[in-house]
Structures are given as C-alpha cells and as structure tokens.
Amino acid sequence: MDLKDKIPPHNTEAEKATLGAMLLDWSAANEIVAFLSADKFYDQRNQVIFDSLKHLSIIGTKGDMLTLIDDLTKAGKLEAAGGLSYVSSLTDTVPTSANIDYYARIVMDQSTRRNLIQISAEIKADSFNETKESRSILEEAEQKIFKLADLNQTTQVYAMKDVVQKAIEIIDNNYKRKGSDYSGISTGFKDLDNMTDGFQKSEMIIVGARPSMGKTAFALSMMEHIAIDRRIPCGFFSLEMAADQITQRLLSQVAQIPGTKLRNGMLKLSDFKELQNAAGKCYDAPLYIVDTPNMKLLDLRAMARRMRVNQKVEIIFIDYIGLITSENDSAPVYEQQSAISKSLKSLARELEIPIVVLCQVARTAEGEEPNLAQLRGSGSIEQDADVVMFIHGVKTRQTEGEEYNPVQDRKIIVAKQRNGPIGDIELLFLSNYTKFVNKDKNAN
C-alpha cells in the first residue's frame, strides 16, 4: 500500500475511553482538560464531545451524561457528536476512571504521530518548491518540530501535601547556601549578580558599548566563569573573531599572561607552566564556539537550536548583533535590525535560556555615558530586550610591578531591567589580559 493511502495513526477506543472516564470522574476530567484539546482527537464526534466537556468545565458545571447531552443539544451539536446512542455508549467503553491518564496519553501520542506526518508532508512539498531557499525550509521545519514538542509539554497540578515537604527542603538548602547562589546563571560579577539575580531563562540581555570598551572581553570574562569555572554548557557565536583568536584570549585570561606575549612568543619558562594549567582547565570546558562571519539569521537560529539539543547549552552569547545578516537584505537597516532583535528574543523564549547579545552604540556616546537612545540600529532592540547594560570607561591607572600593567576602571550601567532594579556597577578591566574582574572596594 502506498504511504498516502494509509490511514493516519489513531486509536478511537482510547479516545472513547478517555471521554468515558471523564464522565465517570469529573475531578480527574478537569485535569485532563488542562492539557488535552479537541484537535488531539481523530474522530470528529469525539472532538465535538470533548469541546462540550471543556465548556462544562469552564462554566463550572459538573460533567455527567445528562449535562453533556443537555449542553450538546443547546449548542445544536448532538448529531455532530454521533447522536444520543453514541454519546450514551461512552461510559460503556470503560468500567473505571483509574486509567484516565493512560488513555489520554495514547490520544496525545497518536495526535503527535499525525502531526509529524503532516509536517513531513509539508517539508516534502517545500523541498520540491524551487522558489524557496533550502535554509528557509530548514528554519521552518525546525520551528514546526520545536513547536510540536512544546505543545506536548503538559501542566501538572500538585496538592499542597505533595509539595510542602519539597518546599521546606528548598528553603533549608537556601539557608545552608546563605545566598551564595542565584536563581539565574551567575556572571561571576558579584554586584551584577546581586542586581539581576543572575541571567534568567528566556531573557535577551543586551551589552552595549563603543568600540574598544571591551564588549568581547566582558563576554569572555563571563564565559570563563560560566563554562570554565562552573562547567555550565555555553555557546558563543563569534561573528567577528576566529575561534583560535577567541581561545587565545581565554588562555590569556585564565593563565593571566599578557596577550601580547602569546602573540609575539616572548614567554618565560614560568609562563609555560601557567599556560599548561590554563589549557587543562579550558580543554574539557563545555564551551562551544561558532565563528562564521556575517552569519545569516536563519543559520544562527538553526545552529542555536542544535546546540541546545546536542550540547545542552544553558546560555548563548552573540558577538555581535550588527554582524548578523538578515534574510531580507534589501529592506532598510532599521527594519532588518528590528526583525533580528525580535527573532533573537523569540529564540530565547523558544529555547528557554538567556541569550546575551553584544551591540555597538552610536557615535554620539563618544566620551559620555551611553544611554538607551544610543543603541545602534533600531529602537526595537531596547524594546525587545529584558536587560540592557552599557560598558563605560572611567579612567586608566598603572599598577606597580616589573611590567607595565594598565588597569582601567569600567562602569557597567544597567539601564533597563524588566524584572529588577537598574543602577551602576564598578569593575576593573585588566587590559593586558583583556579581562574584567570584580573591584575590591577596600583595595587601592
């Protein structure tokens, strides 16, 4: 038999058993209504009946055979539901509601299989359509699959007796931890973490600065803490620097050997020991780098999804938004940047991880504190972002020692935070290592 002639996957007995069990136990039915929907049923009669049961749940009426028939009759849908004889037979299918979850899962599983077949057919049709770019087809296919996976996530209802003990355990662990951890991913900068409680899931965080203020260094300093120190899987899209350059800068940070030494080879024997130790720390770190210049937005989204699934990344950094290429490159720059910004925010929500995006600010910010109006490219970036922070240089000083080691004061200006306070944070920038560190307020 040809595939197109096959009947789509379904289990009408499980559908009837689900509906019958709902009528036998209305308290269990309310839980089923929370995650099951009419379109999950294959039999159209069962779709109509489930919709009616859901309507009864919404208006607060207990569902049983009499109320169901009355609701269907008033809506003029009794015949569409199979008539009185079919509706009345539902409770004959199942003797008890004990297995209602099991029946409902079968309905969900069969619906998922039908959706996968439909998506496959659409992908096949698109693949034969020469007017569509293959990258666009891949992007749409991935979106459909991820959306389907998200639709299959169910909501669990918990009784207080089931969760009180767990809540007490969490509170006890928090007490033992004494606030040493955060609800989001720690950046390694204490004052910033205290203000944001770490970078939160589904948030888009914008880091803006003028050139040479240390945007990439700030990102790499956070990644050193996240991926190397704490071993949290981290993705880094470098659209400006090659992967080996990024790695050299990380080795310079971790070993605290000036980057110029790594480039010109003027190393001491003692440097090699520090470099070896740093390489050991970096070697197994769950840090994954993509260094494609001028990467297209669709390619970036597709790669981010794969990194989330395959490498289990929990945070992604993008350096930087101005180098992402829009699919519609004929549109005005403002519209392209707006589309990219909205797409990255949508990606953060889809993957349920924070995405940190570096961004240049306008030249008008030269020599003065940058502000939200100076984000380069589009006002949409400010609107879409959950957190916006700027790097601002303050002054340069020199520490004593055998080598010249400029230490620069940097101010991190948290100009927007959707779910928290705004304010300024003081850090130090060690330019020899292109590394940001916490500022010890008690030190000279």
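**Exercise 1. A residue in a helix**

Is Asp-244 buried or exposed? Find out, then say where Asp-244 sits and how far it is from Asp-291.

*Solution.*
- Step 1: Before starting, keep in mind that this model is predicted.
- Step 2: Look up the relative accessible area of Asp-244, which is 51%. The cut-off for exposed is over 50%, so Asp-244 counts as exposed.
- Step 3: Place the residue in its element: Asp-244 belongs to helix α12, which covers residues 243-255.
- Step 4: Now turn to Asp-291. Along the sequence, Asp-244 and Asp-291 are 47 residues apart. In space, their C-alpha atoms are 9.4 Å apart.

**Exercise 2. The chain as a whole**

Describe the protein chain by its elements, its buried share, its contacts and its surface.

*Solution.*
- Step 1: Begin with the elements: the protein chain has 17 helices and nine strands.
- Step 2: Next comes burial. Of the 444 residues in the protein chain, 46% are buried.
- Step 3: Take the contacts between residues at least 6 apart in sequence. Of these, 69% join residues at least 24 apart.
- Step 4: Finish with the surface. The protein chain exposes about 23,500 Å², and carbon and sulfur atoms supply 50% of that area.

**Exercise 3. Two helices and a salt bridge**

Which residue does Glu-122 meet in a salt bridge? Work out which elements the pair links, and then look at Ile-145.

*Solution.*
- Step 1: Side chains of opposite charge can pair when their charged atoms come close.
- Step 2: The side chain of Glu-122 meets that of Lys-144 in a salt bridge, at 2.8 Å from N to O. This pair links distant parts of the chain, 22 residues apart: Glu-122 is in helix α7 (residues 100-128) and Lys-144 in helix α8 (residues 134-151).
- Step 3: Check both partners for exposure. Glu-122 is partly exposed at 28% relative accessibility, and Lys-144 is partly exposed at 27%.
- Step 4: Move to Ile-145, which also lies in helix α8. Ile-145 has a relative accessible area of 37%, so it is partly exposed.
- Step 5: Setting aside neighbours within four places in sequence, Ile-145 is in contact with Leu-116 and Ile-119. The C-alpha atoms of Ile-145 and Ile-119 are separated by 7.9 Å, although the two residues are 26 apart along the chain.

**Exercise 4. More salt bridges**

How many salt bridges does a search of the whole structure find? Describe a network and a pair among them.

*Solution.*
- Step 1: The search finds 17 salt bridges.
- Step 2: One network of salt bridges links Asp-126, Lys-132 and Glu-140.
- Step 3: Another case is Arg-45 with Asp-43, whose closest N and O atoms are 2.8 Å apart.
- Step 4: Now compare the partners with the cut-off for buried, which is under 20%. Asp-43, at 13%, is buried, whereas Arg-45, at 33%, is partly exposed.

**Exercise 5. Strands β7, β8 and β9**

Explore the hairpin of β8 and β9, then find out which residue in β7 pairs with Lys-439.

*Solution.*
- Step 1: Strand β8 (residues 423-430) and strand β9 (residues 435-438) run antiparallel, joined by four bridges. Within this pairing, Phe-429 stands opposite Phe-436 in β9.
- Step 2: The two strands form a hairpin with four residues between them. In the turn, Thr-434 has a positive phi of about 45 degrees.
- Step 3: Lys-439 and Asp-409 meet through their side chains in a salt bridge of 3.2 Å, N to O. Because Lys-439 lies in the segment after β9 and Asp-409 in strand β7, the pair ties together parts 30 residues apart in sequence.
- Step 4: Compare the two ends. Lys-439 is partly exposed at 25% relative accessibility, while Asp-409 is buried at 4%.
- Step 5: Stay in strand β7 (residues 406-417), where Gln-408 is placed. Gln-408 is buried, with a relative accessible area of 15%. Its side chain makes a polar contact with the side chain of Arg-410, at 2.7 Å.

**Exercise 6. Cysteines**

How many disulfides does the structure hold? Check the burial of Cys-234 and Cys-359 too.

*Solution.*
- Step 1: A disulfide is a covalent bond between the sulfur atoms of two cysteines.
- Step 2: The structure holds zero disulfides.
- Step 3: Cys-234 is buried at 0% relative accessibility, and Cys-359 is buried at 1%.

Terms used
Residues numbered from 1 in each chain as written. Predicted model: local features only at pLDDT ≥ 70, side-chain atom pairs only at ≥ 80, totals over all residues. Heavy atoms only, no water. Buried < 20%, exposed > 50% of the residue type's maximum accessible area, 1.4 Å probe, protein only. Polar contact = N/O pair within 3.5 Å; in protein donor to acceptor, adjacent residues only side chain to side chain. Pairing = 2+ DSSP bridges. Contact = heavy atoms within 4.5 Å. Areas by Shrake-Rupley, 256 points an atom, 1.4 Å probe, with all protein chains shown as cover. Salt bridge = Lys/Arg side-chain N within 4 Å of Asp/Glu carboxyl O. Disulfide = S-S within 2.5 Å.
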